[in-house]
Amino acid sequence: NVPRIDYTGGGCPHILAEPQRTNLILYSEDFSQSFWNKTFASVVSGFTSPNGTNNAYKLIEDTSTGVHSIEPTAVSSNTYTLSVYAKYNGRILQLASTSTGGHYANFDLLNGVIGNFGVTTTNVTMTEISDGWYRCSMTTTSNMNTAIINTVQSKTSVYQESYTGDGTSGIYIFGAQLEQASYATSY
């Protein structure tokens, strides 16, 4: 029964009033766990996250031609919101679901802009944190099979774009969260 204080506004701290939710993603900060399925990609730890510690990961595409992604083992819900902290390292971030091609959103982490997103995707947000980090989120109102974090080449990329990776590009990631709700709460 102690209120939480939000210090992220840059000004005076204020009471954080939001509902309590459950993060459906286990190991939301440890992308090296086998809980995270890697496809044509790998992860490397030890990078500075938005909270100032060295617990962020670099998601690196390999040199294969295909969809370069990381996804947790299957979870299911109806309306859900997927969010992750991400930072540019040569690629665009795409959040997606394996349900259909309508569940995705692209985030240009270099320029801080939202790109294409699917017809069943709503409430797409991109909030600048600091030092190039953004909290990116998307909501979809249809059933989903799992949540996916993809690297893509362009903010206009389509759902799960296939391309030949260069073996070094990717994105930095931290704090993945999947909530059964129509918007993201604080991590």
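## A chat about strands, cores and odd angles

Visitor: In this predicted model, which residue in β14 stands opposite L95?

Guide: Let's start with the strands. β9 covers residues 92–97, and six bridges join β9 to β14, with the two running antiparallel. Across that pairing, the residue of β14 opposite L95 is I149.

Visitor: What is the order of the strands in the open sheet of six?

Guide: The edges are a handy place to begin. β3 (36–39) and β11 (113–117) each have a single partner strand, so one side of each is left without a neighbour in the sheet. The twist averages 20° from one strand to the next. With antiparallel pairing, the order reads β3-β7-β14-β9-β10-β11.

Visitor: How many residues does the largest nonpolar core have?

Guide: Nonpolar side chains tend to be buried together in soluble globular proteins. Here, L95 and I149 are among the residues with the most contacts inside the largest core, and so is I173. Leaving aside neighbours within four places in sequence, I173 touches residues including F31, L59 and I149. The size of that largest core is 29 residues.

Visitor: Is D131 buried or exposed?

Guide: D131 sits in the loop between β12 (121–128) and β13 (133–140). Most residues other than glycine have a negative phi, yet D131 has a positive phi of about 50°. Its relative accessibility is 59%, and because the cut-off is over 50%, D131 counts as exposed.

Visitor: What is the phi of Q160?

Guide: Q160 lies in the loop between β14 (147–152) and β15 (163–164). At 21% relative accessibility, Q160 counts as partly exposed. Q160 is not a glycine, but its phi is positive, at about 45°.

How values were computed:
Residues are numbered from 1 along each chain as its sequence is written. This is a predicted model: local features need pLDDT of at least 70, side-chain atom pairs count only at pLDDT 80 or more; totals for chains, interfaces and linings use all residues. Side-chain values use heavy atoms; hydrogens and water are left out. Helices (H or I, at least four residues) and strands (E, at least two) are DSSP runs, numbered from the N terminus. Buried means under 20% relative accessible area, exposed over 50%, partly exposed in between (1.4 Å probe, protein chains only). A nonpolar core is a set of buried Ala, Val, Leu, Ile, Met, Phe, Trp, Tyr and Cys residues joined through side-chain atoms within 4.5 Å. Contact means heavy atoms within 4.5 Å. Two strands pair if DSSP finds at least two bridges between them. Axes are lines fitted to C-alpha atoms, for helices over the stretch in contact, and angles run from 0 to 180 degrees between N-to-C directions.
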